[in-house]
Amino acid sequence: MDNEAFNTLKRDVESMTEVEGLTMTDLLTFPDDLRLLLNWMMRENGVQIEEMASYLAQEVNEARMLLEKMIEKGLIEEIKKKEEEQYQVLVKSSRNYRVPKKIWQVIE
Amino acid sequence: MAVIVSIHSFRGGTGKSNLTANLASQIAVSGKRVAIIDTDIQSPGIHVLFGLNEEKMGRTLNEFLRSECSIEDVAFDIGEHIGDAPGRKSLAGKAFWLVPSSINSGEISRILRDGYDVGKLNEGMNRLIKGLKLDYLFIDTHPGLNEETLLSIAISDVLLVVMRPDQQDFQGTAVTVDIARGLDVPNLFLLVNKALTRYDPNQIREHVEGIFQAPVACVLPLTEDMADMGSADIFSLRYPDHPWSKSLREAAQAVLNAA
């Protein structure tokens with residue numbers, strides 16, 4: 001990713017409203033580079049800062065600043081795996097179906 | 001690292017669960033460590049192909065999603081419990097598991113009413129891969145698009161979209177293919193099922209590939225023999241020389257090659 005695309009990605013993250021985790025339907029509406037980054041992180045199931053920097057073709061410090069912003073926005077979380085700090089997408093969705101209570105009472 | 005394979009269709013009745021069971025069985029027979037997770041919580045059915053019913057299946061994905069047990073507790077060891085069906089005998093001793101969804105009406109309505117954390121489903125799949133040291137995890141999804149199916153597609157290394165040669169399926173498949181591209185799935189295949197035998201499968205393949213600009217893993221013929229079996233066994237293991245089984249093995253090979 002070149003510097004211009006990286007700066008756009010940073011701006012996209014900064015301009016987002018905070019969320020408490022990511023839904024897949026949200027993901028599909030994100031700008032391309034942000035969506036691709038999150039897709040990659042999901043498939044990797046946790047990445048280290050160095051892997052993220054390599055993916056972005058940026059210095060580790062630059063990648064770290066972006067990660068911190070993404071954590072602040074509620075898109076990803078920091079986890080410990082084998083004593084190593086990793087980052088993974090925070091998937092959110094507890095959903096149910098809008099069926100009137102009366103119907104549930106009948107089927108239960 | 002395990003390969004995650006999702007089998008999806010936009011519409012119901014495409015034969016998705018049957019295909020998932022057959023494909024996963026073929027790969028398990030080849031010596032790989034394989035599990036299937038039935039995420040079709042609203043209308044589960046794949047367990048039937050492995051001879052399970054409500055009494056036999058034990059713990060289910062529903063209990064894991066309510067945090068009542070670990071995902072490993074739910075994994076039913078198919079290789080150790082093949083039952084009497086002749087096809088499934090080839091699975092004896094294989095490293096092959098099924099994580100079934102409950103077929104109990106109260107359990108289904110409970111999860112529909114209370115919902116569940118899709119993130120927990122993701123966590124469970126990752127734990128299953130590590131705990132069972134899987135080479136392949138197959139996800140049998142609910143037809144159509146919702147949060148769970150989008151998650152399955154997003155984390156997949158291989159996505160097989162099942163369709164019939166039918167106008168409704170063509171339009172729905174276009175939607176699924178668009179979304180899979182948006183989610184950057186590394187290996188996307190189409191799988192045409194229930195093709196009429198009077199048409200040339202190569203022409204069908206060419207036609208479908210031209211429309212969707214994606215490879216067709218196989219074209220499976222419509223067959224009464226399959227319908228006659230009524231999900232009582234794994235068709236491709238019971239009748240390995242049947243044209244349907246030969247075509248199915250092409251798709252299994254595509255999955256193996258994609259890894």
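Buried area is the accessible area that two parts lose on being put together, summed over both. Keep that in mind for the first stop on this tour of a predicted model.

**Stop 1: where the chains meet.** Select chains A and B together. They bury about 2200 Å² between them, and 52% of that is on carbon and sulfur atoms. Switch on contacts and you'll pick up 31 residues of chain B against 23 residues of chain A. Hunting for salt bridges across this interface gets you nowhere, as the rule finds zero. Polar contacts are another matter: 10 residue pairs turn up across the interface, both partners at pLDDT 80 or more.

Now colour the B side by element. At least two residues each come from α4 (105-114), β5 (116-117), α5 (118-131), α6 and α7 of chain B. The biggest giver is α6(B), with seven residues. By type, the B side splits into 13 nonpolar, nine polar and nine charged residues.

**Stop 2: helix α7 of chain B.** Select residues 167-182 of chain B. With 16 residues at 1.5 Å each, this helix should span 22 Å, and its end C-alpha atoms are 23 Å apart, which agrees. Zoom in on the start: a side-chain oxygen of Asp166(B) comes within 2.7 Å of the backbone nitrogen of Gln168(B). Past the other end sits Asp184(B), with a positive phi near 60°.

Which residues of α7(B) are buried? Try Asp169(B), Phe170(B), Gly172(B), Thr173(B), Thr176(B), Val177(B), Ile179(B), Ala180(B) and Gly182(B). To see what covers them, show α3 (32-44) of chain A, then β1 (3-8), α6 (147-155), β7 (158-163), β8 (187-195) and α8 (201-212) of chain B, which are all among the cover.

**Stop 3: a charged network in chain B.** Pick Glu68(B). One salt bridge goes to Arg66(B), at 3.0 Å between the closest N and O atoms. Another goes to Arg110(B), at 3.9 Å. Glu68(B) is in the loop between α2 (61-65) and α3 (71-74) of chain B while Arg110(B) is in helix α4, so this pair ties together parts 42 residues apart in sequence. Add Glu107(B) to the selection: shared partners join Arg66(B), Glu68(B), Glu107(B) and Arg110(B) into one network. On a surface view, Arg66(B) is partly exposed at 22% relative accessible area, as are Glu68(B) at 40% and Arg110(B) at 33%.

**Stop 4: over to chain A.** Select Lys69(A) and Glu72(A), a salt bridge with its closest N and O atoms 3.5 Å apart. The two are three residues apart in helix α5 (residues 60-72) of chain A, which separates them by about one helical turn.

Terms used:
Residues numbered from 1 in each chain as written. Chains lettered and ligands numbered in written order. Predicted model: local features only at pLDDT ≥ 70, side-chain atom pairs only at ≥ 80, totals over all residues. Heavy atoms only, no water. Helix = DSSP H or I, 4+ residues; strand = E, 2+ residues; numbered from the N terminus. Expected span 1.5 Å × (residues − 1). Buried < 20%, exposed > 50% of the residue type's maximum accessible area, 1.4 Å probe, protein only. Contact = heavy atoms within 4.5 Å. Polar contact = N/O pair within 3.5 Å; in protein donor to acceptor, adjacent residues only side chain to side chain. Buried area = accessible area lost by both parts, 1.4 Å probe. Salt bridge = Lys/Arg side-chain N within 4 Å of Asp/Glu carboxyl O. Nonpolar A, V, L, I, M, F, W, Y, C, P; charged D, E, K, R; others polar.
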